[in-house]
Amino acid sequence: MNWSLFNIIPKKFVGIDIGTSSIKVVELLKWGERIKLENYGEIKAEMLFKKPFRTFKKNTLAVETKDVAKSISALLEETNIKTKKVSFSIPDFSSFFTWFKLPSMTEEELPEAVRYAARQHIPLPLSEVILDWQIIEGSISGETEKSLKVLLVAVPKEVINQYQEITSICELELQNMEAEVFGLVRAVAREEHNPIVLVDIGAQSTTVNIIDRKILKRSHSFDTSGNELTAILAKGLGVDYKKAEQLKRKYGISSSPFYQEESLERIKDVLFPLIDLIIREVDRASKEFYRTEKREIKKIIVSGGASLMPGLVKYFSKNLEKAVEVGNPFSDIFYPPILEKELKKMGPSYAIATGLALKGLE
């Protein structure tokens with residue numbers, strides 16, 4: 001007998017999702033083939049500072065380095081996470097995605113060809129960015145005439161340097177950095193083989209992604225966000241932001257009775273224009289994908305904090321005429337049964353952090 005349970009070394013990893021208004025951490029433990037949720041937690045910028053963790057600088061969402069480092073240290077201490085190996089998320093607004101075709105070539109020829117093509121697609125000097133790419137169609141054998149389709153991701157070096165500074169201050173070991181969408185796919189769409197739309201309604205923006213055979217085929221971000229939904233609701237109802245956030249989370253666009261003498265219709269009427277805008281973007285992306293790929297979207301998965309807004313899934317399904325579900329990053333992860341209700345409620349907003357932790361366990 002050459003193996004023993006005692007010879008299986010458990011592995012821990014932490015995913016850290018640095019958002020605009022909050023930071024989320026997820027610590028996972030892998031023992032053999034079993035993955036267990038060890039710890040999780042969140043800290044909001046408003047708890048420590050009067051400004052968000054990210055602000056727009058040079059057309060990107062730059063992190064406030066010292067504030068983020070201080071918050072991560074406090075969060076890891078509060079959650080009692082001792083693991084030093086971590087992955088960070090890079091927001092979609094700080095990443096540049098593009099797709100292009102190249103002729104069939106060998107692996108040795110590919111890097112120079114990608115860099116040459118990148119000059120035509122990336123809106124920043126190549127000296128200011130880090131490039132990563134993935135072949136999503138074709139082969140690099142160079143033995144066929146079939147062209148290659150390449151997914152190219154570019155991240156400003158300034159962002160990379162900030163993350164390295166944060167890990168240094170926090171005394172962590174930065175193992176990976178990746179765009180939010182890749183952590184999201186790993187967390188909520190890892191078993192999907194048919195074409196799907198993955199809609200991430202974040203605090204700062206919404207991103208519509210087309211995933212086919214676990215490969216990112218399209219990605220588009222726009223400003224409509226969970227924060228904007230709250231802000232427009234506050235203005236429309238004449239209430240403060242905090243109250244509007246409570247109403248959005250409790251009633252959303254559902255048909256439940258509203259509080260006091262007010263009509264629920266007022267909430268729905270205020271929110272519908274922004275919700276309809278997201279739906280139009282999903283519909284446009286789905287139709288464009290079918291036009292170019294001749295493959296039909298089979299399912300829509302929504303994630304992000306706003307995805308749990310009452311009535312949202314039903315409204316999406318009715319208007320898009322597709323099956324719609326809320327992403328559950330903890331579906332294949334073991335955790336104490338007592339956490340079932342809480343994880344179902346918070347799951348969509350922890351999807352990116354969970355996907356980052358899963359990457360570290362691969």
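Helices and strands here are DSSP runs, with at least four residues for a helix and at least two for a strand, numbered from the N terminus. Counted this way, the chain holds 11 helices and 15 strands. Please keep in mind as you look around that this is a predicted model.

**The chain as a whole**

Let us start with the overall picture. The chain has 362 residues, and 51% of them count as buried. Its accessible surface comes to about 18,500 Å², and carbon and sulfur atoms account for 50% of that area. Among contacts with a separation of 6 or more, 64% join residues that are 24 or more positions apart.

**Two nonpolar cores**

In soluble globular proteins, nonpolar side chains tend to be buried together. Here, the largest nonpolar core has 43 residues. The members that touch the most other members are I16, I18, I23, I72, F88, F97 and I166. Another core, of 35 residues, lies apart from it, and V197, I210, I253 and I275 are among its residues.

I72 is a good place to zoom in on the largest core. Leaving aside neighbours within four places in sequence, I72 is in contact with I16, I18, I23, F88, I166, C170 and L172.

**A closer look at N209**

Next, find N209 in strand β12, which spans residues 206-212. Is N209 buried or exposed? Its relative accessibility is 1%, and buried means under 20%, so N209 counts as buried. Beyond its neighbours within four places in sequence, N209 is in contact with V181, I196, V197, L198, L216, R218 and S219. The C-alpha atoms of N209 and I300 are separated by 9.9 Å, although these residues are 91 residues apart along the chain.

**The second largest pocket**

Finally, turn to the second largest pocket, where about 510 Å³ of space lies. Its lining is made up of 22 residues, and D132, E178, A179, F182 and K359 are the closest to its centre. By type, the lining divides into 15 nonpolar residues, one polar and six charged.

The elements below each supply at least two residues of that lining.

| Element | Residues |
|---|---|
| β8 | residues 129-137 |
| β9 | residues 148-156 |
| β10 | residues 173-179 |
| α5 | residues 180-188 |
| β13 | residues 215-222 |

Which element gives the largest share of the lining of this pocket? That is β8, with five residues.

Notes
Residues numbered from 1 in each chain as written. Predicted model: local features only at pLDDT ≥ 70, side-chain atom pairs only at ≥ 80, totals over all residues. Heavy atoms only, no water. 1 Å grid on protein atoms, 1.4 Å probe; cavity = no way out; pocket = protein on both sides within 12 Å on 5 of 7 lines; lining within 4 Å. Points joined across faces, edges and corners; volume = space filled by probe spheres on them. Nonpolar A, V, L, I, M, F, W, Y, C, P; charged D, E, K, R; others polar. Buried < 20%, exposed > 50% of the residue type's maximum accessible area, 1.4 Å probe, protein only. Contact = heavy atoms within 4.5 Å. Areas by Shrake-Rupley, 256 points an atom, 1.4 Å probe, with all protein chains shown as cover. Core = buried A, V, L, I, M, F, W, Y, C linked by side-chain atoms within 4.5 Å.
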